[in-house]
Amino acid sequence: MLKSWVSWRDGHFKNGRTLMAEELKDRILADGRNLGHGILKVDNFINHQVDTNLMFDVGKALAERFTDKGVTKVLTAEISGIAPALATAHALDVPLVYARKNRPVTMTGPVYVEVAPSHTKGGDVFLMVSSEFLGPGDRVLIIDDFLASGSTISALVRLVRHAEAKLVGIGAAIEKGFEGGREELAYLNVPIVSLAVVSKMEGGEIVVE
């Protein structure tokens, strides 16, 4: 039986979360593609075409871990983080805020801006959030599709700090454990939750813990 990474780490074990981790693992192995250079393609069910039933189950499983944190906002980065973040925010009954990569004409007030490297785009991207939707008093849960090197999530953390809000946790549907993002973010001293951990991607192979 597969235990999720976070269950193994903190000693908690619940059948619902474990079954979700098993389902997600199966989808990664069935539909995920190793494109090389550490890139895992999950366009079939998360990043382009979204399996909505799976995604709302992911959201429920992630939300379960943060029900006691007083979350007031879920924060993610567009575009691929929106699906799991929306599902998690819905389960927690709080708003979702997603950091924009381009500033629309409707974003007229003060804006918090950070830069993050994009593994898939091969360069840096801007992430920006209007001060209208994130500010002091907010208790923020960051959710993303992947936890890899931690660079995108680190940029989101800096946005939270610019807003003088409080970070209460970090969650991801899939973690690429071999990229070390969990260790990079450990200094934040908040819960870091992932539902499936890819431990190895070599020679076209995908290994999920």
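Begin with the whole protein in view, coloured by confidence: this is a predicted model, in which the mean pLDDT of the protein is 89 and 90% of its residues reach 70 or more. Now select residues 1-14, where the pLDDT is below 50, although the model still gives this stretch 33 contacts beyond near neighbours in sequence. Where pLDDT is low, the predicted coordinates should not be read in detail.

With the colouring switched to secondary structure, the protein shows seven helices and 10 strands. Of its 209 residues, 51% count as buried, and among contacts between residues at least 6 apart in sequence, 61% join residues at least 24 apart.

**Helix H2 and the largest core**

Select helix H2, which covers residues 15-31 and holds Glu22. Glu22 counts as partly exposed, because its relative accessible area is 26%, a value that falls between the 20% limit for buried and the 50% limit for exposed. Add Glu209 to the selection, and you will have two residues that are 187 apart in sequence while their C-alpha atoms are 9.8 Å apart in space.

Next, show the side chains of Leu24, Ile28, Leu40, Val58, Val71, Val74 and Ile174, which touch the most other members of the largest nonpolar core, a set of 34 residues. Among the elements that give two or more residues to this core are H2, helix H4 (52-64), helix H5 (82-92) and strand E8 (166-176), and the largest share, six residues, comes from H4. Another core, of 28 residues, lies apart from this one, and its members include Leu127, Leu156, Val157 and Ile192.

Which residues does Ile28 touch, not counting those up to four places away in sequence? Centre the view on Ile28, and the residues to pick out around it are Leu40, Phe45, Ile174, Ala196, Ile206 and Val208.

**Helices H4 and H5**

Select H4 and H5 together and turn the view until both can be followed along their length. Their axes come within 7 Å and cross at roughly 55°, which means that H4 is oblique to H5; the crossing is right-handed. On the H4 side the contact is made by Met55, Phe56, Val58, Gly59, Lys60, Leu62 and Ala63, and on the H5 side by Ala83, Pro84, Ala87, Thr88, His90, Ala91 and Leu92.

Keep H5 selected and mark its buried residues, which are Ala83, Pro84, Ala85, Ala87, Thr88, Ala89 and Leu92. What covers these buried residues includes H4, strand E3 (73-77), strand E4 (96-99) and E7.

**Three places in the backbone**

Most residues other than glycine have a negative phi, and most peptide bonds are trans. The last stops are therefore chosen against that background.

Go to the loop between E3 and H5, where Ile79 has its place, and look at the peptide bond from Glu78 to Ile79, which is cis, with omega near 5°.

Then move past H5 to Asp93, in the loop between H5 and E4, where phi is near 60°, a positive value in a residue other than glycine. Is Asp93 buried or exposed? Asp93 is exposed, because its relative accessible area is 70%, where over 50% is what exposed requires.

Finish at Asn189, in the loop between helix H7 (181-185) and E9. Asn189 has a positive phi of about 55° although it is not a glycine, and it counts as exposed because its relative accessibility is 71%.

Terms used: Residues are numbered from 1 along each chain as its sequence is written. This is a predicted model: local features need pLDDT of at least 70, side-chain atom pairs count only at pLDDT 80 or more; totals for chains, interfaces and linings use all residues. Side-chain values use heavy atoms; hydrogens and water are left out. pLDDT is the predictor's confidence in each residue, from 0 to 100. Contact means heavy atoms within 4.5 Å. Helices (H or I, at least four residues) and strands (E, at least two) are DSSP runs, numbered from the N terminus. Buried means under 20% relative accessible area, exposed over 50%, partly exposed in between (1.4 Å probe, protein chains only). A nonpolar core is a set of buried Ala, Val, Leu, Ile, Met, Phe, Trp, Tyr and Cys residues joined through side-chain atoms within 4.5 Å. Axes are lines fitted to C-alpha atoms, for helices over the stretch in contact, and angles run from 0 to 180 degrees between N-to-C directions. Angles under 35 degrees count as roughly parallel, over 145 as roughly antiparallel, 65 to 115 as roughly perpendicular and the rest as oblique. A crossing is left-handed if the near helix is turned anticlockwise from the far one by less than a right angle, and right-handed if clockwise.
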